[in-house]
Amino acid sequence: MMESTAEIMSRGMKCLVEQMGIVEAERFISVIIREKFDYTKWQRDYFDVKTPADISKEASQFEKAHPFTGDAIRL
């Protein structure tokens, strides 16, 4: 079943608020709008300079700092 745009936006905003707090979530959205943010270009620029070892190391560090608690949002 495909979600409506409103449902996707609601889930996305919920994730942002849970992870960043309401003020930083709103700030993030305003930056994206103001800067005409291109996620695909950002992702390309970010990952193109990283080696697979760099990405693996960052993922491991993130997992240690944010262990899975079973409270993940189910997609």
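Helices here are DSSP runs of H or I, at least four residues long, numbered from the N terminus. With that settled, open the model, which is a predicted one.

Start by selecting helix α2, residues 22-34. Put a distance between its end C-alpha atoms and you should get 18 Å; that agrees with the expected span, because 13 residues at 1.5 Å a residue should also cover 18 Å.

Stay on α2 and show the side chains of E24 and R27, which sit 3 residues apart, about one turn of the helix. They form a salt bridge, with the closest N and O atoms 3.2 Å apart. Colour by accessibility here: R27 is exposed at 52% relative accessible area, since exposed means over 50%, whereas E24 is partly exposed at 34%.

Now walk off the end of the helix. K36 follows α2 and has a positive phi, near 50 degrees. Next pick F37, in the loop between α2 and α3; its relative accessible area is 37%, so F37 is partly exposed.

F37 is also your way into a nonpolar surface patch: add Y39, W42, Y46, F47 and I55, and you have about 540 Å² of it. Helix α3, residues 39-48, gives the patch its largest share, 4 residues.

Two more stops, both salt bridges, from a count of 7. Select E3 and R11, whose side chains meet at 2.9 Å, N to O; E3 is partly exposed at 29%, and R11 is partly exposed at 30%. Then jump to K50 and E58, paired at 2.7 Å, N to O. K50 counts as partly exposed at 22%, as does E58 at 31%.

Technical notes
Residues are numbered from 1 along each chain as its sequence is written. This is a predicted model: local features need pLDDT of at least 70, side-chain atom pairs count only at pLDDT 80 or more; totals for chains, interfaces and linings use all residues. Side-chain values use heavy atoms; hydrogens and water are left out. Helices (H or I, at least four residues) and strands (E, at least two) are DSSP runs, numbered from the N terminus. The expected span of a helix is 1.5 Å times one less than its number of residues. Patches are made of residues with over 30% relative accessible area and no salt bridge: like charges are joined within 9 Å, nonpolar side chains (Val, Leu, Ile, Met, Phe, Trp, Tyr) within 5 Å. Accessible areas come from the Shrake-Rupley method with a 1.4 Å probe; for residues, only the protein chains shown count as cover. A salt bridge is a side-chain nitrogen of Lys or Arg within 4 Å of a carboxyl oxygen of Asp or Glu. Buried means under 20% relative accessible area, exposed over 50%, partly exposed in between (1.4 Å probe, protein chains only).
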